[in-house]
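I open a notebook on a structure that is new to me. The entries below follow the order in which I looked things up.

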Amino acid sequence: MLAINSNLNRLKNYSAKIDISLPYSWANISFGGKGFYTNTKNNLTVFDNETGTLILDTNYSNIFTYKEYNEAIYFSANKKLNEKWETQIGLRTEATQTEGYSENLNQTNKNNYIKLFPTAYVTYNANDNNSYSLNYSRRIRRPDFDYLNPFVIRTSPFYYSQGNPFLKPSIIDNFEFSYIRNQKWVNTIYFSQVSNFGQELAIIDPETNITKSTPINYADTYQIGLSTYYNFNKYSWWNSFMGFNLNYQNVKSRTNLIASVDGYNGYIYSNNDFTVNQSKTLFFGLNYGLQLPGRYQVFNISTLNILDVSVKFLALKKNLSITLTGEDLLNAQKPLISYYSNGIKNTMENYRDSRAFKIALSYKFGNQSVKTNERNFGNEEERNRAN
């Protein structure tokens, strides 16, 4: 087959927001609004040129346009009740309208919804060394744009992938109780519920042995756990940040393709920075993380770990900085992952070749006392969904 193709992907994103704060004697009030518009167009066109005349091949072309509008208003009130107690409540309302159009299938899918997102917390400062807090929050996790494209991509007679234009966003409710000791040791007990959890899964048809990979809202998930971390800085030459997280997960399936499951998982980490000399021109970093074998959602995941090492040198009155970094030196990002779909066990080894060596140089010019402010744009979430 003689073919000619072109691939043009466009993303337009517009965002605007306004925030207003009003300090009153009875409470500090904040409110505002945000709106964004996103337009993505995937234009992969393939033309059959076998006869010398270009003919659009709809089996391989992928032309998809997706539009999303979002309008939000929010309000919060903060009150310091006395020297020990402080509380805050808030509410955000979001309205979303989406439209996806597949030119290949001549198919349009629209979705409109309004969601409420309350937040609340209360803090008790017993003394300078001990404080407690209880908070609740709700947030939304929207699907990536390419997950919503219904185009079918066939890579073999027995495997194909397809987006899901009916995929819904996930809603996350989170409760946390925290205890902080000396601003160094933080302990948290948490409970999290995810409604309409969505993820890409490989679904095998036991009769044809054909695998379809597609994102679906397959479960409501519940998680309860304990996390703790400690900032050790007793010595001026050594600063360490270490901790662990252990949790239990229960996955209640919303489809007959996936069975309800439960299990445990956890991880341990230690990040260390060392000042090697008294002039503070040579620094050494050592970071290590260990993911214990366990369950994440419907997946059983084996052990994996990562080791990063860095050396930083300052010269020319500390204006020149040279940093050497070795990432994933153990080359151990190779977890074995397994799960069941349609009663069939899927096993894969997810190999991430993340071992890398980097060198970075920077030099400071001009008046070092001049301070600059970093600004965040209002569309970080939408930009991440396009990656």
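**Entry 1: Ser161**

Is Ser161 buried or exposed? I looked it up in what is a predicted model. Ser161 has a relative accessible area of 18%, and the cut-off for buried is under 20%, so Ser161 counts as buried. I place Ser161 in strand E9, which covers residues 159-162. I then listed what Ser161 touches, leaving aside its neighbours within four places in sequence. Ser161 is in contact with Phe151, Val152, Ile153 and Ser213.

**Entry 2: the chain as a whole**

I stepped back to the totals. I note 22 strands and one helix in the chain. The chain has 387 residues, and 35% of them count as buried. I also checked the contacts between residues with a separation of 6 or more. Of these contacts, 59% are between residues 24 or more positions apart. For the surface, I have about 23900 Å² exposed by the chain. Carbon and sulfur atoms supply 55% of that area.

**Entry 3: strands E4, E5 and E6**

How many bridges join strand E4 to strand E5? I find 17, between residues 62-80 of E4 and residues 85-102 of E5. The two strands run antiparallel. As one pair of positions, I noted Lys67 in E4, which stands opposite Glu99 in E5. E4 and E5 form a hairpin, with four residues between them.

Strand E5 also pairs with strand E6, residues 107-125. I count this pairing as antiparallel too, over 18 bridges. Here Gly100 of E5 stands opposite Asn109 in E6. The hairpin of E5 and E6 has four residues between the strands. In that hairpin I noted Asn106, which takes a positive phi near 50°.

One general point I wrote beside this entry: in a regular strand the side chains alternate between the two faces of the sheet.

**Entry 4: Ala120**

I stayed with strand E6, where Ala120 lies. Ala120 counts as partly exposed, because its relative accessibility is 30%. Which residues does Ala120 touch, not counting those up to four places away in sequence? My list has Gln88, Ile89, Leu134, Asn135 and Tyr136. Of these, Gln88 and Ile89 fall within the residues of strand E5. I also looked at Ala120 and Phe175, which are 55 residues apart in sequence. From C-alpha to C-alpha, Ala120 and Phe175 are 9.7 Å apart in space.

**Entry 5: a nonpolar patch**

Leu134, a contact of Ala120, turned up again in a nonpolar surface patch. The patch has an area of about 690 Å². Tyr132, Leu134, Phe177, Ile189, Leu226, Phe244, Leu246 and Ile268 make it up. Which elements give two or more residues to the nonpolar patch? They are strand E7 (130-141) and strand E13 (238-253). I took one patch residue for a closer look: Phe244, in strand E13. Phe244 has a relative accessibility of 31% and therefore counts as partly exposed.

**Entry 6: an open sheet of four strands**

Next I wrote down the order of an open sheet, E16-E17-E20-E21. The sheet has four strands, with antiparallel pairing. Which strands stand at the edges? They are strand E16 (294-296) and strand E21 (344-349). Each has a single partner strand, so one side of each is left without a neighbour in the sheet. The twist averages 25° from one strand to the next.

Inside this sheet I looked at strand E17, residues 299-301. Two bridges join E17 to E20, and the two run antiparallel. Ile301 stands opposite Ile337 in E20.

**Entry 7: positive phi in two loops**

I then looked up two residues with positive phi that are not glycine. Asn182 has a phi of about 55°, and Asp328 has a phi near 50°. Where is Asn182 placed? I find Asn182 in the loop between strand E10 (170-181) and strand E11 (185-204). Asp328 is in the loop between strand E19 (320-327) and strand E20 (336-341).

For burial, I noted a relative accessible area of 34% for Asn182, so that residue is partly exposed. Asp328 counts as buried, because its relative accessibility is 0%.

Definitions and conventions. Residues numbered from 1 in each chain as written. Predicted model: local features only at pLDDT ≥ 70, side-chain atom pairs only at ≥ 80, totals over all residues. Heavy atoms only, no water. Buried < 20%, exposed > 50% of the residue type's maximum accessible area, 1.4 Å probe, protein only. Contact = heavy atoms within 4.5 Å. Areas by Shrake-Rupley, 256 points an atom, 1.4 Å probe, with all protein chains shown as cover. Patch = residues over 30% accessible without salt bridge, like charges linked within 9 Å, V, L, I, M, F, W, Y side chains within 5 Å. Salt bridge = Lys/Arg side-chain N within 4 Å of Asp/Glu carboxyl O. Pairing = 2+ DSSP bridges. Axes fitted to C-alpha atoms, helices over the stretch in contact; angles between N-to-C directions.
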